[in-house]
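Notebook open, structure loaded. I want to look up some aromatic rings first, then a pocket.

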Amino acid sequence: MADSGDVVMELAGDVVDVGGLLKVIQEQFGPEKTEEGAVVRFRPPFIQTPKHDARGDAIALVVDHLLQRGVPLWASNLIGSSFVDAHVVDLETAHQPFVDGVYEPIDASVWCREVIKALDVHMRKIAKGEIPPPEKPLAWEQYPFSYCAQKNRRPKMEDKAAIFPSLCVVEPTKNGALSKDAFFAVFDGHNGVDCASYASSHFHRCLVEQHNYTTGLLEPVMRNAFKAVDQRLEARCRNEVVSLKIDLDFFTFK
């Protein structure tokens, strides 16, 4: 999906081997890469991230950032997973289950910038050969796909897509159980992108984290995934709205 008015398209199979991927990464993050033109300031896409969402939020930030640099979708997801695994302490991206009533927020205004800063270091290490680049999973080619997006007359794009011809890139440690499964979804934003953005970042993770994902019937597994996303999003909205109200009241009082 895109935030511009232009149609954006991506075709599966654009980068097919490690050599091609490494070339893209070296062009974008290699030592000879110099920044030119105006400095683009990074604006956090959300106010805070709870610790149970930090892993998914960090991967979503990584994927979005790398796609803008020309890194293919499959590689962006695999790099995102390995990146958060390498930063479970400093970025608090360890697996943490959602517990209703427990909300431990992280200030996104600082955290998001730290994620992007650490990612830049991580990518430069891949470019220099200090970290091996990921290999494209064979299962990624099992369902050829393409996608495009256009915002039409709206000020900003409000829709999001989740595209996984193989779910093995979501949690590479579960490759055997997920490689043959695919997930494609469009999340339609209404009067804003926040809910669609959250769902596109977390729904597939809530899906594969269901305890009976590999053994249960599809319908109840999907239903439980929807419930899980709804609970997490409701908790996030409720706590962020409370924080906003407190800040606003304090500002008015002053």
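I started with Trp-140: it is buried, at 2% relative accessible area (buried is under 20%, exposed over 50%, partly exposed in between, with a 1.4 Å probe and protein chains only). Phe-145 is buried too, at 11%. Note to self: this is a predicted model, where local features need pLDDT of at least 70, side-chain atom pairs count only at pLDDT 80 or more, and totals for chains, interfaces and linings use all residues. Residues are numbered from 1 along each chain as its sequence is written, and side-chain values use heavy atoms, with hydrogens and water left out.

Next I looked up ring pairs, and the structure holds five. Rings of Phe, Tyr and Trp (its six-membered ring) pair if their centres lie within 6.5 Å; planes under 30 degrees apart are stacked, over 60 edge-to-face, the rest tilted. Trp-140 and Phe-145 make an edge-to-face pair, 6.2 Å centre to centre with 80° between the planes. I also found Phe-183, Phe-187, Phe-203 and Phe-226 linked into a cluster by ring pairs.

Then I checked for a charge over a ring (NZ of Lys or CZ of Arg within 6 Å of the ring centre and within 35 degrees of the ring normal). The charged end of Arg-236 sits over the ring of Phe-46, 4.8 Å from its centre.

Last, which residues are closest to the centre of the second largest pocket? I noted Gln-96, Pro-97, Phe-98, Glu-209 and Arg-232, out of 18 that line this pocket.

Notes
On a 1 Å grid over the protein atoms alone, a cavity is a set of points where a 1.4 Å probe fits but cannot get out, and a pocket is an open set with protein on both sides within 12 Å along at least five of seven lines; lining residues have an atom within 4 Å of a point.
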